[in-house]
Structures are given as structure tokens and as C-alpha cells.
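Subject: Structure handover, ligand site

Hello,

Here is the structure for you to look at. Notes on the ligand site follow below.

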Amino acid sequence: MSVTGKQLIGGQWQTGTSGSYHAINPATGEKLAPELSFASEEQLRTTTAAAAAAAPVFAATSPEQRSRFLETCADEIMALGDELLDRVSAETGYPRARAEGERGRTCGQLRMFAKHLVKGDYLDARIDTALPDRQPMPRPDIRFCKHPIGPVVVFGSSNFPLAFSAAGGDTASALAAGCPVIVKSHNSHPGSGELVAQALARAAKQCDMPAGVISFLAGNRNEIGVNLVTAPEVKAVGFTGSTRGGMALYKLASNRPDPIPFFGEMGSINPLVVLPEVLKTSAADIAEGFVGSLTLGTGQFCVNPGLVLGLKGPELDNFMEATGAALADKPAGVMLNQAVAEGYASGAAHLSDQPGVRQVSTGKAQENDTGFCGQAYLYAVNAGDFITNPALQEEVFGPCSLVIECRDTDELSKVISSLSGQLTGTLHGTEAELSQATELVRLLEQRVGRVVFNNFPTGVEVTDAMMHGGPFPAATDSRFTSVGTAAIDRFIRPVCYQNSPQDLLPPALRNDNPWGLRRLVNGEWQDGQI
Ligand code: NAP
């Protein structure tokens, strides 16, 4: 159980034959041992062929078999112990507690899908029995349920080395659905990814899953991602990362001779509205919570609150003052890698250069030249300047936020209406203010995937009711979530059977209901046999 730098191809670990590299510790800038390899195009072709061969075998497994597989994946990840936690911290700069938290979330997601899947609701089984005497035409027997879509490529994110990477939410939901997964390793934390892939491969063996059910490939920059998204055997893609990378890959997926669904979770600036009455009594508390949310994980969260909307006046001034004071004590934090740190510094500088933007406060600057760090920033701008300048809506990935000062509630509504799609929108107000905020809520819900009240957007819960996604550019498909059990819907597609013999139907649709599902039979929900 140690990092080898190899690729998992058709159930076998092989050294990649297309060059080598080292992971970098972002806290020190030093190379991490061992040397890691890049997969060649030929190795990629072998991988996609193995995933395609595994697809029908894996699709035919029962929910109980896949549930056991997911539970075993979680057990094997836990069995990696300190080696995994140490490697995550070394590759990301995350403190031990964050690495442990992510491991808990990752295993929790796998176990959550293991339980969800055996309930069988996601199969959405529907049966309309034949009506031979119907006039003027008899109705044939029609039965509908969901099937796995086929091999899925998962692009792990830089900022979630476990929970959104090799065995993260995309992988867990695709495996739960019955789809083989090819993980495209993130070069920011390749050793962590490999250790997790080793755990998944061991679980696959123990549970007699086909060899190509899980694969792990690293490649030299964009080429491998391009080749994976365009491989004919691949049937869907799960992606978390930048808008630029996501859109490049989305276009490739859509322009294939056989376009495939691409589920990209990309940039978001997560507006947070602070109403004046609540600021009169709670400005300091909200400022403290806001700064905690803004600087958590050095701001490297897709739900980081990058925008604050308020009504110009003494209440908002007090809030900015309290926020500025809380921010001034925050030390610069380690960022995920050199590119993210440089992107953050140039993004914050670009924002501060925009017309009308003024600096309110900063966190502490980096104390030495070691590693890649990011300093917190708070800026402010008038609503008029914000509405007319799209550059102010660009995500600055890190602990940076912009306060929009609005003349009145009409202008506040105009700012919300001018926003592009977001993962979240947050509203802080007194009970009386919230009771008058129906229009703001209606405006927000048109633009976001999750509306948050008197709370903060960071700390995404993994539950049945979670929605993590939103209108473009937050995500490429606003109809789906990438977190929570509903994420399985991305990797299944409906098939219906007309006039089928019983023994050719999938178990979910047979009269004897061997999986004990609740099904929609002739318009009524029904348990048991028909
Ligand atoms: P990224 O640069 O978009 O990379 C994500 C993954 O996609 C990587 O595996 C990358 O592979 C691949 N990729 C990117 N562009 C590609 C292209 N044109 N063709 C083929 N493959 C491509 O995201 P990141 O490395 O996670 O972070 C960089 C930036 O993304 C951050 O600074 C931040 O702005 C944003 N970000 C946003 C979120 C969010 O949830 N909103 C989360 C994380 C990051 P290679 O590295 O091998 O090219």
C-alpha cells in the first residue's frame, strides 16, 4: 500500500509509458517521491476498451452486489489509514483535520449510495399493463425503468483530493448506477488518487467485479482529457474544475459524432445578501461567520461567498468595518498549487483594477517565500458599476469577495437579475425582513441551485435533499446535482419495453418483483407482485 506512480488499466497496475513527473508539496514547493508515470495513448485505448467490456457485466449486477461493492470500497479506503491522510496533506497543504474530514465525507458518500441503491427508487420502475379490450385500439403492455448509461470518465477536482476525486461523489454515483468509471487523475494530488484507486481495485476483486470496473489514468496535461472525452466507449463525463477547462471538454463531448452528456460543475461567486435590519443587531456575528466562510480552505471552495449585496448606508458600513477587522487577522493560507495561487493573485489584481472597485480590507500577506500562498481581499463597488461590467462576475478562486453597494431594494433586485447562474444564493435578514423578501427569493431561485437563509454556503451537506449545481456557468446542466443521492440520475437513462415476455424483462419490471420495489403500476404506487 504505497504510491507507485502506476496506472490502473483493465484491472492491472502498469507503469505509464508516456513520460514521468513528480507531485509537488504546495506548502514547500518541493517535489514529492516517488516518480510518477503518464499513460500513453495506447494505454488509454486499452483502458476504455476494458471499461466497455466491463459495462454489461457490471450493469447486470444486482443492487445488493453493487451495494456491497461500495461498502467494501469505503472499508478499503479507511484501511489505507495514515498513509492516505499524510499524502493528502503533503499534496494539497490541507491540515490533517481537513484530510480526515474529506475521508469521512468520501466514505460516507459511498455508504450513502450503498443504502440508497438497494431501495431501488432511482430505477423509477413504471408498469402500464395491457388493455386488450380498449377501444378503438387495444393497449400493449408497456414497462419503463432506468439503466446505467455506460462507462463514465471522472475528472477529479484540485480542491477536493478525496471527496470529489478518485472515489468522490461522481465516482460513487456512477458506480451505484452500474457504470464502470475511468478516473482522470488530477496532477495536483496524483498520489492520493492512486492510493484511493488501489483501495477501489482491491474492493472490486473482493466483490468479483469485472476487471475494467474502475480505472485510473494520469496524463501530461490536456491531451489525456481530450482523448478520454472523445473515446467512443465513453458514454458520460463528470467534471469539477474551472469554467475554461469544463467548457473546452463540454464542447468536445457535444461535438462528438455521438454526443454524450457532460456534467460539469464549474465557476460560481455565490451571492450573499445582507438586509439592513439584521445588520443593525448582528453585523459583527454575520461578519465573523462570513469571514470564516470566505477564508475556509484558503477560499478554495466552489461555494465560497465571492459577492456580498447590501443597501448603502451605515448598517452596511458597519458590516464592512467588522468584516475588515476580522479579515485583517487572517494569515495568508497555502493554496493547492502554483497555478491556482498565480491564478488567484492575478484574478484579485484584475478585479481591483476594474472601474469603481475600491479595496476595503486585506488579510495578512505571506510571511516568507516558501510554497504557494494566498492573501484574503475584500473589495467594494457601486451597483451601477457592477451591473455594467461582466468582468466583476468572474470567479476569483480564493479568499476574495466583492461588496456591491445598492441604492435601494429596486437596485438590489436589478443586481440579482444581472447575475449569471450560481451554485448558491444566501439571504441574511430578520424574521420580518425575510417575510417581505418573497421577490428576492423568487429572483434568487431562478439563478441558483441552493437558496440559503441566515447561514453560509460553505459546508455542503451530503444528503438526499441536497442540490449542488445550478444554471450555467455554475454547471453545464442545471437539471442535475453532483452531490447527494439524486446525483445518480446523471448516469442512468430510461428504457421501455413494449409487449415483452416476462423472462426478458429486467428484474425491476417483472410481475413477481424480485427486488421488492415500489412501482407505479397503472397510475398507482404499488409494492409487491402484480
Ligand atoms: P481545471 O484546470 O479546470 O482542471 C480540472 C481537470 O480538467 C484537470 O484534470 C485538468 O487536467 C482537466 N482539464 C482542464 N482543462 C482541460 C482541457 N482544455 N482539456 C483537457 N483536460 C482539461 O481545474 P483545477 O485544476 O481543479 O483548478 C484550476 C482552477 O479551476 C482554479 O483556479 C479555479 O478557478 C477553478 N476551480 C473551480 C472549482 C469549482 O468548483 N468552481 C473547483 C476547483 C477549481 P490537466 O491538469 O491534466 O490539464
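Which helices and strands each supply at least two residues of the shell around the ligand? They are α7 (222-230), β10 (236-240) and α8 (243-254), where helices (H or I, at least four residues) and strands (E, at least two) are DSSP runs numbered from the N terminus. With three residues, α8 gives the most to this shell.

This is a predicted model, in which local features need pLDDT of at least 70 and side-chain atom pairs count only at pLDDT 80 or more, while totals for chains, interfaces and linings use all residues. Residues are numbered from 1 along each chain as its sequence is written, and side-chain values use heavy atoms, with hydrogens and water left out.

There are 23 residues around the ligand (a heavy atom within 4 Å of it). Ser 158, His 186, Ser 242, Met 266 and Cys 302 come nearest.

Domain 1 (45-266 + 481-489) and domain 2 (271-453) both contribute residues to the shell, so the ligand lies between them. The domain bounds come from an automatic or database domain assignment.

Three polar contacts (N or O atom pairs within 3.5 Å) may be of use to you:
- Lys 184: a polar side-chain atom is 2.8 Å from a ligand oxygen.
- Asn 222: a side-chain N or O atom is 2.9 Å from an oxygen atom of the ligand.
- Met 266: a backbone N or O atom is 2.3 Å from a ligand nitrogen.

The ligand taken alone exposes 860 Å², of which the protein buries 87% (Shrake-Rupley method, 1.4 Å probe).

Regards

Terms used: Polar contact = N/O pair within 3.5 Å; in protein donor to acceptor, adjacent residues only side chain to side chain.
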